[in-house]
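Subject: The structure I promised you

Hello,

Here is the structure I said I would pass on. Please open it alongside this message, as my notes are easier to follow with the model on screen.

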Amino acid sequence: MKENKGKELVQNWINTVERHNAEEIIKLYSKKAILLGTIAPSPLVGKKEILTYFIDFVKYLPTGKITYDYSQYYKKIIVASGNYDFVLTENGIPKLVPARFTFVFKRKNNKYKITSHHSSENP
């Protein structure tokens, strides 16, 4: 396993988000995943609720960049935590949103899916 696999998986998530297609983003999540999203008022559980979040989120034309990463590796689990900067655009005005993240990726059939994702704006 590559030592930077956690960062690689988070970067893949960012690349997917930057295509602004909620249906494509949701494919990265497991069936019973949980999302504590940056702009969500409460936890979202399952692909249907998470899809609803991303349908709204991509309207802000997000772009992102990892600024710090730290990953922990277990048998079939990678926990990737750190910071990323997102630029969200509303009414044509871009806004920088520095945030922190934790992703839990679980490997099944040699593919990693997000089982838990927490993202919150830095205090």
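Below is what I found, going from the sheet to the helices and then to a few individual residues. Please keep in mind that this is a predicted model.

**The sheet**

Six strands make up an open sheet, with mixed pairing and the order S2-S1-S6-S5-S4-S3. At the edges are S2 and S3 (63–73), each of which pairs on one side only.

Three of the pairings are worth a look. S4 and S5 (residues 93–108) are antiparallel and share 14 bridges; across this pairing, Asp85 sits opposite Pro98 in S5. S5 and S6 also run antiparallel, joined by 10 bridges. These two strands form a hairpin with two residues between them, and Asn109 in that turn has a positive phi of about 55°. S1 and S6, in contrast, run parallel, with four bridges between them; here Leu36 faces His118 in S6.

**The helices on the sheet**

H1 lies across S1, S3, S4, S5 and S6 (111–121), and its direction is at about 150° to that of S3. H3 packs on the sheet too, where it touches S1, S2 and S4 and makes an angle of about 55° with S1.

Which residues of helix H3 are buried? In this helix, which spans residues 47–57, they are Ile50, Leu51, Tyr53, Phe54 and Phe57. Looking down the axis of H3, you will see these buried residues within an arc of 160°, so they line one face of the helix. Lys48 and Thr52, on the other side of H3, are exposed. The elements that the buried residues of H3 pack against are helices H1 (5–17) and H2 (22–26), together with strands S1 (29–36), S2 (44–45) and S4 (77–90).

**The aromatic residues**

I count 13 aromatic pairs in the model. One of them joins Phe54 and Phe57: the ring centres are 6.1 Å apart and the planes meet at 80°, and because edge-to-face applies to planes over 60 degrees apart, this pair belongs to that class. Both residues come from H3, where they are three places apart and so separated by about one helical turn. An α-helix has 3.6 residues a turn, so residues three or four places apart point the same way. That fits the burial of both: Phe54 has a relative accessible area of 1%, and Phe57 has 6%.

Ring pairs also build a wider cluster, which links Trp13, Tyr29, Tyr53, Phe54, Phe57, Tyr84, Phe86, Phe101, Phe103 and Phe105.

**Two residues in S6**

His117 is in strand S6 and is buried, at 1% relative accessible area. Its side chain makes a polar contact of 3.4 Å with the side chain of Tyr84. Setting aside residues up to four places away in sequence, His117 touches Trp13, Tyr29, Ile34, Leu35, Leu36, Tyr84, Thr102 and Phe103. Among these, Trp13, Tyr29, Tyr84 and Phe103 are also members of the aromatic cluster.

Ser120 lies in S6 as well. Is Ser120 buried or exposed? With a relative accessibility of 15%, Ser120 counts as buried, because the cut-off is under 20%. Ser120 is the bridge partner of Arg100. Apart from neighbours within four places in sequence, Ser120 is in contact with Thr38, Ala99 and Arg100.

**A proline in a loop**

Finally, have a look at Pro62, in the loop between H3 and S3. Pro62 is buried, with a relative accessible area of 0%. Beyond the residues within four places in sequence, its contacts are Val17, Glu18, His20, Phe57, Phe86, Val87 and Leu88. Phe57 and Phe86 in that list are in the aromatic cluster too. Ile34, one of the residues that His117 touches, is 28 residues from Pro62 in sequence and 20 Å away in space, C-alpha to C-alpha.

If you have time for one view, I would start with the buried face of H3 and go on from there to the aromatic cluster.

Best wishes

Note on methods. Residues numbered from 1 in each chain as written. Predicted model: local features only at pLDDT ≥ 70, side-chain atom pairs only at ≥ 80, totals over all residues. Heavy atoms only, no water. Buried < 20%, exposed > 50% of the residue type's maximum accessible area, 1.4 Å probe, protein only. Arc of directions from axis to C-beta. Contact = heavy atoms within 4.5 Å. Pairing = 2+ DSSP bridges. Axes fitted to C-alpha atoms, helices over the stretch in contact; angles between N-to-C directions. Phe/Tyr/Trp six-rings, centres within 6.5 Å; stacked < 30°, edge-to-face > 60°. Polar contact = N/O pair within 3.5 Å; in protein donor to acceptor, adjacent residues only side chain to side chain.
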